[in-house]
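Biologist: Got a minute to go through this one with me? I'd like to know what stands behind each label.

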Amino acid sequence: MRAILQTVKSASVTIDGKIVGAIDRGYLIYLGVGPEDTTDEVVKLWNKIRKLRVFMDASGKTNLDLAAVEGNVLLVSQFTLFASIKKGNRPSFATAAPPAMAKKLYDTMVDLVKKDLPDLQTGQFGADMLVASVNDGPFTLWIDTDEL
């Protein structure tokens, strides 16, 4: 499982001209699911993310986690995190999980995050989404559960 996490001052997802998810301060998380991923990776990833201390404290040091800043999460499915550009110039997505499997694990992540953040905001799995964000920092992390 892979995620790109960005600290944001605000972020939103629009589908067909309608905002379907929006947050103020917190994390914009793009989530990609691989074919070998399981619920264990979902749990491992969320446990790492929710404890990350990446927000600045009064001294300007990254000492605060999401709870400390009363932040929220906008979670967006992103199968392209498993793109391969090894051959040619057109990305291959053969290494991403099949859609049904990916949706199941994405929904598992949604349920898990909602236990900590009842106001979790999301995109829509498989939809053509317009994502807007005002990055804070910017602070962007690439997280792969194979490396945790």
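Modeller: Sure. One definition to start: two strands count as paired if DSSP finds at least two bridges between them. And keep in mind that this is a predicted model.

Biologist: So what makes β3 and β6 a pair?

Modeller: Strand β3 (residues 26-32) and β6 share 6 bridges in the parallel sense, and the cut-off is at least two. Within that pairing, L31 stands opposite S77 in β6.

Biologist: And what makes β6 and β7 a pair?

Modeller: There are 2 parallel bridges between β6 and strand β7 (residues 121-122), and at least two is what the definition asks for, so they pair. Here L74 is opposite Q121 in β7. To get from β6 to β7 the chain goes through helix α2 (residues 99-116), in a right-handed β-α-β crossover.

Biologist: Why is β6 called largely enclosed?

Modeller: Because 6 of the 6 residues in strand β6 (residues 72-77) are buried. That holds on both sides: N72, L74 and V76 point one way, V73, L75 and S77 the other, and all are buried. In a regular strand, side chains alternate between the two faces of the sheet.

Biologist: How do you know that T7 is buried?

Modeller: Its relative accessible area is 2%, and buried means under 20%, so T7 qualifies. T7 is in strand β1 (residues 2-15), and its contacts further along the sequence include Y27, F55 and F139.

Biologist: What makes T7 and D136 a polar contact?

Modeller: A polar atom of the T7 side chain is 2.6 Å from the backbone oxygen of D136, and the limit is within 3.5 Å.

Note on methods: Residues numbered from 1 in each chain as written. Predicted model: local features only at pLDDT ≥ 70, side-chain atom pairs only at ≥ 80, totals over all residues. Heavy atoms only, no water. Helix = DSSP H or I, 4+ residues; strand = E, 2+ residues; numbered from the N terminus. Buried < 20%, exposed > 50% of the residue type's maximum accessible area, 1.4 Å probe, protein only. Polar contact = N/O pair within 3.5 Å; in protein donor to acceptor, adjacent residues only side chain to side chain. Contact = heavy atoms within 4.5 Å. Right-handed = clockwise from strand over helix to strand, strands pointing away. Lists of a residue's contacts leave out its neighbours within four places in sequence.
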